[in-house]
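These exercises are worked with the sequence and the model side by side. Try each task before reading its solution.

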Amino acid sequence: MDPVKMGTGVQAYISYRVITKTNLPEFEGPEKIVIRRYSDFEWLHDRLAERYKGVFIPPLPEKNAVEKFRFSKEFIELRRQALDLFVNRIASHPELKQSDVLRTFLQADEEIMDRARSYETGIFKKPSDFLQMFKDVQSKVSDVVLGKEKPVEESTPEYEKLKSYIFELEIHLAEAQKQAYRLVKRHRELGQSLADFGKAIKLLGSCEGDLMEKVFSEVGSKSEMLSIKLQREADNLLFNFEEPLKDYVRALQSIKATMLDRANAFRQHFDLDQERKYKELNLEKLKFMNPEKYAEAESEFRGLKADSEEATKKFEHIVRLMNEELSRFQEQKTADIGLAFHEFAKGQAKLAKDIADAWRSVLPKLEACSTS
């Protein structure tokens with residue numbers, strides 16, 4: 001995936017050249033290249049989230065960027081890397097890779113993609129829809145506040161343990177990511193300080209005699225060389241350590257969105273099951289007390305029973321998918337986070353060796369200078 005700058009001035013934006021290579025028969029050919037904007041990636045994410053309840057949809061990088069940084073090489077590369085990971089995760093997922101919306105995203109020309117995005121993202125944008133949604137939410141909140149409705153939640157030891165684990169993992173991962181970012185910042189600050197020190201020590205040496213000037217010039221050169229190494233290691237930390245941690249903080253948001261879908265499915269299953277039980281009791285009473293209305297009530301009950309069974313199946317389907325997804329998530333997380341820490345340790349070890357070697361190489365000359 002390659003970033004491409006489109007437009008000029010305030011109308012400028014970054015698109016991405018997405019290259020698909022496949023031998024699958026459902027695709028148009030062995031290779032396809034399309035141009036996609038960030039909003040196209042959002043469209044793909046949202047359509048998958050709507051259609052695959054129970055599946056952890058891979059996360060997207062954050063949408064907003066500070067205006068002065070949105071065309072910086074670092075920001076563009078971080079976003080490109082995250083979007084590339086997003087698409088590859090979908091393409092390697094056993095269920096998501098079969099989605100027709102993925103094929104549309106990877107194959108449709110820009111005009112068709114624009115129409116699909118405008119149509120599907122515009123479905124809920126009518127003012128009347130927003131007004132109705134607001135009224136529905138307002139009504140729900142009022143019911144809870146007034147005690148008319150108490151939210152029913154799934155509460156099993158296994159699910160409580162899962163929720164506790166996800167929320168605790170999010171806290172610790174977010175803290176680790178924050179500290180990793182501080183490490184990046186410290187490496188850059190130290191690198192800049194060494195560069196400034198190198199220049200200063202060279203100027204100091206130029207005021208001294210030949211021996212001091214040569215030694216100080218070498219010390220200054222070593223400082224400037226180490227400054228470059230620190231800046232490179234800061235980039236390595238950013239892309240291969242801090243960003244993978246940040247990606248898993250995002251992934252936990254996807255898991256929490258799936259947990260919300262599960263909670264909604266459970267409430268629907270619970271409410272319909274309770275209503276079914278209530279109607280079943282009333283139906284038995286009606287059979288003896290009002291036979292004329294029994295046939296109509298029985299027909300309504302059969303419809304309610306079918307809806308209840310369907311809601312139960314939907315909830316159980318989400319639970320089954322979540323269990324499979326968690327197993328996959330844990331396996332992938334162990335591999336990815338393990339690799340990130342390996343890269344971190346390897347980079348720090350190499351940097352420490354380079355620093356030690358650099359300063360060790362000038363020690364004899366500094367000792368000779370101090371004893372002369």
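**Exercise 1. The overall fold**

How many helices and strands does the secondary structure of the chain come to? Give the pattern along the sequence as well.

Solution. The model is a predicted one.
Step 1: The secondary structure comes to eight helices and three strands.
Step 2: Read along the sequence, the pattern is β-β-β-α-α-α-α-α-α-α-α.
Step 3: The chain has 372 residues, and 35% of them count as buried.
Step 4: Among contacts with a separation of 6 or more, 72% are between residues 24 or more positions apart.

**Exercise 2. The sheet**

Work out the strand order of the sheet and the direction of its pairing. Then find which residues stand opposite Met6, Val4 and Asp2.

Solution.
Step 1: The three strands form an open sheet in the order 1-2-3, and the pairing is antiparallel.
Step 2: Strand 1 (2-6) and strand 3 (31-36) are the edge strands, each pairing on one side only.
Step 3: From one strand to the next, the twist averages 25 degrees.
Step 4: Strand 1 is joined to strand 2 (residues 13-21) by five bridges, and strand 2 to strand 3 by six.
Step 5: In strand 2, Tyr13 is opposite Met6, Ser15 is opposite Val4 and Arg17 is opposite Asp2.
Step 6: On the pairing with strand 3, Val18 is set opposite Val34.
Step 7: Six residues lie between the strands in the hairpin of strand 1 and strand 2, where Gly7 has a positive phi near 75 degrees.

**Exercise 3. Helices against the sheet**

Which strands does helix 2 touch where it packs on the sheet? Do likewise for helix 3, and give an angle for each helix.

Solution.
Step 1: Helix 2 packs on the sheet through contacts with strand 1 and strand 2, and its direction makes about 35 degrees with that of strand 2.
Step 2: Helix 2 covers residues 73-92, and its 20 residues reach 28 Å from first C-alpha to last, close to the expected 28 Å.
Step 3: The buried residues of helix 2 include Leu83, Phe86, Val87 and Ile90. Arg79, Arg80 and Arg89 are also buried there.
Step 4: An α-helix has 3.6 residues a turn, so residues three or four places apart point the same way.
Step 5: Helix 3 (residues 100-107) lies across strand 2 and strand 3, and runs at about 85 degrees to strand 3.

**Exercise 4. Helix 1 and Ala49**

Is Ala49 buried, partly exposed or exposed? Place Ala49 in its helix and relate it to Thr258.

Solution.
Step 1: Ala49 belongs to helix 1, which spans residues 38-51.
Step 2: Ala49 counts as partly exposed because its relative accessibility is 26%.
Step 3: Along the chain Ala49 and Thr258 are 209 residues apart, yet their C-alpha atoms are separated by 8.6 Å.
Step 4: Buried residues of helix 1 include Tyr38, Phe41, Trp43 and Leu48, and Asp40, His45 and Arg47 are buried too.
Step 5: With 14 residues, helix 1 reaches 20 Å from its first C-alpha to its last, close to the 20 Å expected.

**Exercise 5. The nonpolar cores**

Which residues touch the most other members of the largest nonpolar core? Say which helix gives the most to this core.

Solution.
Step 1: The largest nonpolar core has 31 residues, and Leu173, Leu252, Ile255 and Phe329 touch the most other members.
Step 2: At least two residues of this core come from each of helix 6 (157-206), helix 7 (210-289) and helix 8 (291-371).
Step 3: Helix 7 gives the most, with 14 residues.
Step 4: Leaving out residues up to four places away in sequence, Ile255 touches Phe56, Ile166 and Phe329.
Step 5: Apart from this core lies another, of 28 residues, with Met1, Ile57, Phe86 and Val87 among them.

**Exercise 6. A buried arginine**

Why does Arg276 count as buried? List its partners.

Solution.
Step 1: Arg276 is in helix 7.
Step 2: Arg276 counts as buried because its relative accessibility is 18%, and the cut-off for buried is under 20%.
Step 3: The side chains of Arg276 and Asp273 are joined by a polar contact of 2.9 Å.
Step 4: Aside from neighbours within four places in sequence, Arg276 is in contact with Phe301, Leu304, Lys305 and Ser308.

How values were computed: Residues numbered from 1 in each chain as written. Predicted model: local features only at pLDDT ≥ 70, side-chain atom pairs only at ≥ 80, totals over all residues. Heavy atoms only, no water. Core = buried A, V, L, I, M, F, W, Y, C linked by side-chain atoms within 4.5 Å. Buried < 20%, exposed > 50% of the residue type's maximum accessible area, 1.4 Å probe, protein only. Helix = DSSP H or I, 4+ residues; strand = E, 2+ residues; numbered from the N terminus. Contact = heavy atoms within 4.5 Å. Expected span 1.5 Å × (residues − 1). Pairing = 2+ DSSP bridges. Axes fitted to C-alpha atoms, helices over the stretch in contact; angles between N-to-C directions. Polar contact = N/O pair within 3.5 Å; in protein donor to acceptor, adjacent residues only side chain to side chain.
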